[in-house]
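Biologist: Please take one part of this model and look at it closely, namely how a single helix is packed. Set it in the context of the whole chain first, and then go on to what lies around it.

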Amino acid sequence: YASLTCPHCADFSEKAGAKLRDQYVASGVVSYELRNQVHDGLDLTMAMLVRCGTPENYFALSEQVWGNLTTIIQGVQTNGAKVDAAMKQSDQASRYKAIADAAGLTEFFAARGISRDQAATCLAKPGFAEGIAERSNKQSQELGVDGTPTFFLNGRKLEEQTWEGLEPALQAAGAR
């Protein structure tokens, strides 16, 4: 479980993303599923945007967000009043697009293959935001996920939250 606004998740992605993907997942010894834990409207907007492309792009777009998280958060802070106003919009059809525009996410994702029109259509899709938020909340509650990143290995919640802690656990479970 990870949050797209989580600096610890960004740190994990930077340190472990390539090795986890290229050494463990690509070889078939590890199956890796990334589930969002949504913390707020900005996080939900980004969780929607990483799903606006093809399923194959989900991990790459998530890694791009984490790789640029400091810049993204600086943009949000610079435009804080606009982002806050967007988050307070009552009309869901325009709320998430307004958040994406105010936070600079529309341009960020356009530079990574999600056009402005594609993002706007995706963010306005009925039930999309609610589905992500409901799954996130339900799964987090059921599994006791109270922070990010949180890892499960063979159905067991791990205490490790860093690559330095996770890699030995993977190897102890037979991943080499």
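## Helix 4 and its surroundings

Modeller: In this predicted model, 44% of the 176 residues in the chain are buried. The chain holds ten helices and two strands. Read from the N terminus, the order of the elements is α-α-α-α-α-α-α-α-α-β-β-α, so nine helices come before the two strands and one helix follows them. The C-alpha atoms fit a box of roughly 50 × 35 × 30 Å along the principal axes. A compact globule of 176 residues would have a radius of gyration near 16 Å, and the 17 Å of this chain agrees with that. As for contacts between residues at least 6 apart in sequence, 71% of them join residues at least 24 apart.

The part I have chosen is helix 4, which spans residues 69-78. Its buried residues are Leu69, Ile72, Gly75 and Val76. Viewed down the axis of helix 4, these buried residues fall within an arc of 125 degrees, so they line one face of the helix. The spacing has a general basis: an α-helix has 3.6 residues a turn, so residues three or four places apart point the same way. Turned away from the buried side of helix 4 is a face that carries Thr70, Thr71, Gln77 and Thr78, which are exposed. Here exposed stands for over 50% relative accessible area, and buried for under 20%.

What covers the buried face? The cover over the buried residues of helix 4 includes helix 1, helix 2 (41-49), helix 3, helix 5 (80-87), helix 6 (92-103) and helix 7 (105-110). Two of these, helix 1 (7-25) and helix 3 (58-67), appear again below in the lining of the largest pocket.

Helix 5 can be read in the way helix 4 was. Gly80, Val83 and Ala86 are its buried residues. Down the axis of helix 5 they fall within an arc of 125 degrees, so they too line one face. Ala81 and Lys82 are exposed on the other side of helix 5. The buried residues of helix 5 pack against helix 4 and helix 6.

Next comes the largest pocket, with a volume of about 770 Å³. It is lined by 33 residues, and the closest to its centre are Ser31, Tyr32, Glu33, Phe151 and Phe152. By class, the lining divides into 22 nonpolar, seven polar and four charged residues. Helix 1, helix 3, strand 1 (152-153) and helix 10 (163-172) each supply at least two lining residues. Helix 1 gives the most, with seven residues. Helix 1 thus has two roles in this account, as part of the cover over the buried residues of helix 4 and as a contributor to the pocket lining.

Two single residues farther along the chain complete the view. Ser136 lies in helix 9 (residues 128-143). With a relative accessible area of 2%, Ser136 is buried, because that value is under the 20% cut-off. Leaving aside residues up to four places away in sequence, Ser136 touches Asn36, Gln37 and Val38. Thr121, in helix 8 (residues 116-123), is exposed, with a relative accessible area of 58%. From C-alpha to C-alpha, Thr121 and Ala93 are 9.2 Å apart in space, with their positions 28 residues apart in sequence.

Terms used: Residues numbered from 1 in each chain as written. Predicted model: local features only at pLDDT ≥ 70, side-chain atom pairs only at ≥ 80, totals over all residues. Heavy atoms only, no water. 1 Å grid on protein atoms, 1.4 Å probe; cavity = no way out; pocket = protein on both sides within 12 Å on 5 of 7 lines; lining within 4 Å. Points joined across faces, edges and corners; volume = space filled by probe spheres on them. Helix = DSSP H or I, 4+ residues; strand = E, 2+ residues; numbered from the N terminus. Nonpolar A, V, L, I, M, F, W, Y, C, P; charged D, E, K, R; others polar. Buried < 20%, exposed > 50% of the residue type's maximum accessible area, 1.4 Å probe, protein only. Arc of directions from axis to C-beta. Contact = heavy atoms within 4.5 Å. Rg over C-alpha atoms; globule rule 2.2 N^0.38 Å.
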